[in-house]
Amino acid sequence: MLTYIYLIAITAEAMSGALAAGRRNMDLFGVALIAFITALGGGTVRDMLLGNYPVTWTQHPPYIYLTIGSGLATMLVARFMHKLNQIFLILDSMGLVAFTIIGCNVALKLGYETPVIIMAGITTGIFGGILRDIMCNRTPQVLRHELYASVSLIVAIVYLFLKSQGVSDDINTLASFSFGLALRLSAIRWQLSLPVFSYSPGRWGD
């Protein structure tokens, strides 16, 4: 199940990267590069931090074709994207949760401790979007809108808790995925977010 969701997720993330590049008036190469980085950047950073070589996508060339192709195809259907916004949000949410669970699994197989496993899940889930926004000269959206990065954190904790309780991998994956997706969609629906820290040197005076 996660494999199919993963393919859908990297496609959706590649399209979001292409749209971000389009807002910055980038050329074809820029669109393709941002699409690729957005879709596969999180897993790449995770593998580099964990010493998990070779990096995953280098062993699966179809991922490269899929992400770059999706990014370029987005240019052809961009005029219709506003009509698909709700579907796009659902696909993005599925990607966030799936990436998080996959990242946790990679770190688990490598024998890392719990805090590292959680951070591996979060990195996989959100770092592609962070790299996209940095390269497009924007404040990372994953850290300033509805619950997003925190959803990744919660999913990782739930997944590891259920695993520690002896829940089978299939049931654990389904339960964690369903919970995370429901949480993310609820955050979008009701605009749930964490408190914002706003600092201004002159705000409180001397």
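User: Why is tyrosine 63 called buried?

Analyst: In this predicted model, tyrosine 63 has a relative accessibility of 15%, and buried means under 20%, so the residue falls on the buried side of that cut-off. Tyrosine 63 belongs to helix H3, which covers residues 61-77.

User: Which residues does tyrosine 63 touch, once residues up to four places away in sequence are not counted?

Analyst: Tyrosine 63 touches Tyr6, Leu7, Ile10, Leu40 and Trp57, where contact means heavy atoms within 4.5 Å. For alanine 39, which is 24 residues apart from tyrosine 63 along the chain, the value given is a C-alpha separation of 9.2 Å.

User: What makes the pair arginine 46 and aspartate 47 a salt bridge?

Analyst: The closest N and O atoms of arginine 46 and aspartate 47 are 3.0 Å apart, and the rule asks for a side-chain nitrogen of Lys or Arg within 4 Å of a carboxyl oxygen of Asp or Glu, so the pair qualifies as a salt bridge. In general terms, side chains of opposite charge can pair when their charged atoms come close.

User: Are arginine 46 and aspartate 47 buried or exposed?

Analyst: Arginine 46 has a relative accessible area of 4% and aspartate 47 has a relative accessibility of 0%; because buried means under 20%, arginine 46 is buried, and aspartate 47 is buried too.

User: How many salt bridges does the rule give, and which residues are linked in a network?

Analyst: The count comes to 4 salt bridges, and Arg132, Asp133 and Arg138 are linked in a network of them. Within this network, the side chain of aspartate 133 meets that of arginine 132 at 3.0 Å, N to O, and it meets that of arginine 138 at 2.5 Å, N to O; since the limit is 4 Å, each of these pairs is called a salt bridge.

User: What makes aspartate 133 a buried residue?

Analyst: Its relative accessible area is 0%, and the cut-off for buried is under 20%, so aspartate 133 is classed as buried. Arginine 132, its partner in one of the salt bridges, is buried as well.

User: How do you know that threonine 44 is buried, and where does it lie?

Analyst: Threonine 44 has a relative accessible area of 17%, and the limit is under 20%, so the residue counts as buried. Threonine 44 lies in helix H2, residues 28-50, and a polar atom of its side chain is 2.8 Å from the backbone oxygen of leucine 40. Leaving aside neighbours within four places in sequence, threonine 44 is in contact with Val55 and Trp57.

User: How many disulfides does the structure hold, and why are cysteine 104 and cysteine 136 called buried?

Analyst: The structure holds 0 disulfides. Cysteine 104 has a relative accessible area of 0% and cysteine 136 has a relative accessibility of 1%, and because buried means under 20%, cysteine 104 is buried and cysteine 136 is buried.

User: What lines the largest pocket, and which residues lie nearest its centre?

Analyst: The largest pocket, with about 570 Å³ of space, is lined by 22 residues, of which Phe88, Leu89, Asp92, Arg132 and Gln141 lie nearest its centre. Helix H1 (2-23), helix H4 (85-109) and helix H5 (114-135) each supply at least two residues of this lining, and H1 gives the largest share, 5 residues.

Notes: Residues numbered from 1 in each chain as written. Predicted model: local features only at pLDDT ≥ 70, side-chain atom pairs only at ≥ 80, totals over all residues. Heavy atoms only, no water. Buried < 20%, exposed > 50% of the residue type's maximum accessible area, 1.4 Å probe, protein only. Helix = DSSP H or I, 4+ residues; strand = E, 2+ residues; numbered from the N terminus. Polar contact = N/O pair within 3.5 Å; in protein donor to acceptor, adjacent residues only side chain to side chain. Disulfide = S-S within 2.5 Å. 1 Å grid on protein atoms, 1.4 Å probe; cavity = no way out; pocket = protein on both sides within 12 Å on 5 of 7 lines; lining within 4 Å. Points joined across faces, edges and corners; volume = space filled by probe spheres on them.
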